[in-house]
Amino acid sequence: MSGGAIPRLMIAAPSSGAGKTTVATGLMAAFAEAGLVVSPHKVGPDYIDPGYHSLATGRPGRNLDAYLCGPDRIAPLFLHGAAGADLALVEGVMGLFDGASGKGELSSTAQVAKLLRAPVVLVVDASSQSRSVAALVHGFASWDPEVRLAGVILNKVGSDRHEELLREAMDSSGVPVLGALHRDGRAGTPSRHLGLVPVAERRADAVESVGELAARVRAGCDLEALLALARTVPELPDAPWDPAAELASAAGAGIGTGTGVSAPERPLIAVAGGAAFTFSYAEHAELLAAAGAEVVPFDPLRDEQLPPGTQGLVIGGGFPEMYAPDLSANAPLRAAVATLAASGAPVSAECAGLLYLSRSLDGKPMCGVLPAESRMTERLTLGYREAVALRDNALAAAGTRVRGHEFHRTVLEPGAGADPAWGLTHPERRVEGFVSGGVHASYLHVHWAAEPSLAGRLVASAAAARGAAR
């Protein structure tokens with residue numbers, strides 16, 4: 001079978017809260033336990049669900065976001081992530097047809113299903129209905145004829161009798177029932193202010209939860225029928241996304257540098273991880289490596305020094321507010337980060353990384369790289385953004401346009417420095433973030449696969465900073 005015909009399914013729902021993550025993660029784990037190589041994917045910008053997907057499959061959870069990366073990159077990114085897999089499962093976002101606000105179907109589960117030519121399995125919360133489930137499914141099946149709604153999994157079923165009534169109603173819908181999961185709170189996953197608690201914060205419990213989900217799915221779903229459905233897909237005509245080729249293309253267009261760094265000159269880029277910094281797209285490390293960097297992870301909660309020889313730093317998103325006392329207590333690392341930043345080495349910080357570089361978080365001392373204070377609030381800031389780099393910096397050339405995503409309940413005062421990281425152009429106009437020396441710090445999460453020049457420029461900046469220090 002060619003790579004373009006990788007068996008695949010889209011796991012969708014009529015709305016949020018129906019149980020997509022429960023079913024998708026359970027299916028991933030069940031098929032992986034059966035010996036299949038399963039490639040996990042998630043529609044949208046969410047970082048947390050892919051952590052559970054990765055735990056279930058042993059492969060990186062990857063995002064497919066048509067707003068952040070553009071529709072044309074969805075199939076190539078999918079083929080890159082699913083290379084060598086026996087089965088790819090894609091968890092949708094929100095309701096099947098819900099996309100970026102005011103942008104029609106853009107970034108919706110339905111759009112990604114069409115781009116991947118993937119059959120859709122609809123997870124329906126059946127807890128408060130019986131015959132009405134057939135009308136609901138009929139509506140979703142007929143709304144967009146280009147979306148192939150090929151099966152239903154009934155979730156939160158109340159009893160055996162309830163299941164009988166639901167299946168009888170579905171008999172006339174023309175859409176087969178491929179599973180029924182009864183209500184069961186034992187395999188629940190705890191949530192808090194930004195969604196599920198990440199795997200890195202509860203790994204032992206998460207392993208147990210994923211195992212229970214796999215057992216429930218095996219008992220309640222027709223795995224053979226689901227696999228047979230996944231194998232009915234056509235071949236995708238696209239070539240897999242390739243980080244080296246993307247970097248070369250960006251450099252050829254004059255919008256990036258950093259490719260072709262020779263092996264002896266490879267700058268070391270340290271990437272923050274651990275429980276406090278769990279938000280990262282797998283393609284970022286791949287782009288950094290393809291641009292010539294040696295990528296080394298470190299944990300700001302445990303490591304008292306940066307990796308030896310660090311010439312650049314990437315601090316992504318996460319939940320530093322949950323670990324502010326512990327991050328603050330690691331004074332040696334905070335000092336090392338501040339020293340690296342003061343040297344002019346490139347430092348890219350997003351959201352949680354922005355807070356970590358501030359003077360304080362909820363009154364706890366942080367790295368003090370930025371002249372700002374940060375704190376938790378009750379207000380959720382959430383949504384897609386469009387932005388432009390206002391000046392040349394270690395991450396982006398002036399005029400570079402990106403699409404990003406904001407997702408936080410913290411505020412930074414002030415919210416922008418004398419040299420802001422970005423000028424936001426949509427949905428509102430304002431400046432945001434900080435550029436100072438080699439530091440680029442912002443609330444904005446950007447998917448570098450959409451703008452590979454960011455990775456190339458960061459690596460080139462690290463190499464140049466090292467050369468200047470000699």
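In this predicted model, the largest nonpolar core holds 111 residues, of which Leu-27, Leu-116, Leu-288, Trp-422 and Trp-448 touch the most other members. Helix H1, spanning residues 20-33, gives the most to this core, with seven residues. Because domain 1 (8-231) and domain 2 (243-469) both give residues to the core, it lies between them. In soluble globular proteins, nonpolar side chains tend to be buried together.

Which residues is Leu-116 in contact with, leaving aside its neighbours within four places in sequence? The contacts are Arg-8, Leu-64, Ile-74, Ala-75, Phe-78, Val-90 and Leu-236. Apart from the largest core lies another one, of 39 residues, including Leu-268, Tyr-323, Leu-355 and Ala-372.

The two cores are listed below.

| Core | Residues in core | Members, among them |
|---|---|---|
| Largest nonpolar core | 111 residues | Leu-27, Leu-116, Leu-288, Trp-422, Trp-448 |
| Another core | 39 residues | Leu-268, Tyr-323, Leu-355, Ala-372 |

The model also has an open sheet of seven strands with parallel pairing, in the order E3-E2-E4-E1-E5-E6-E7. Strands E3 (62-64) and E7 (177-182) are the edge strands, each pairing on one side only. From one strand to the next, the twist averages 25 degrees.

At the E7 edge, the partner is strand E6 (residues 149-157), and the two pair in the parallel sense over four bridges. Within this pairing, Leu-154 has Ala-180 in E7 as its bridge partner.

Key:
Residues are numbered from 1 along each chain as its sequence is written. This is a predicted model: local features need pLDDT of at least 70, side-chain atom pairs count only at pLDDT 80 or more; totals for chains, interfaces and linings use all residues. Side-chain values use heavy atoms; hydrogens and water are left out. Two strands pair if DSSP finds at least two bridges between them. Axes are lines fitted to C-alpha atoms, for helices over the stretch in contact, and angles run from 0 to 180 degrees between N-to-C directions. A nonpolar core is a set of buried Ala, Val, Leu, Ile, Met, Phe, Trp, Tyr and Cys residues joined through side-chain atoms within 4.5 Å. Buried means under 20% relative accessible area, exposed over 50%, partly exposed in between (1.4 Å probe, protein chains only). Domain bounds come from an automatic or database domain assignment. Contact means heavy atoms within 4.5 Å.
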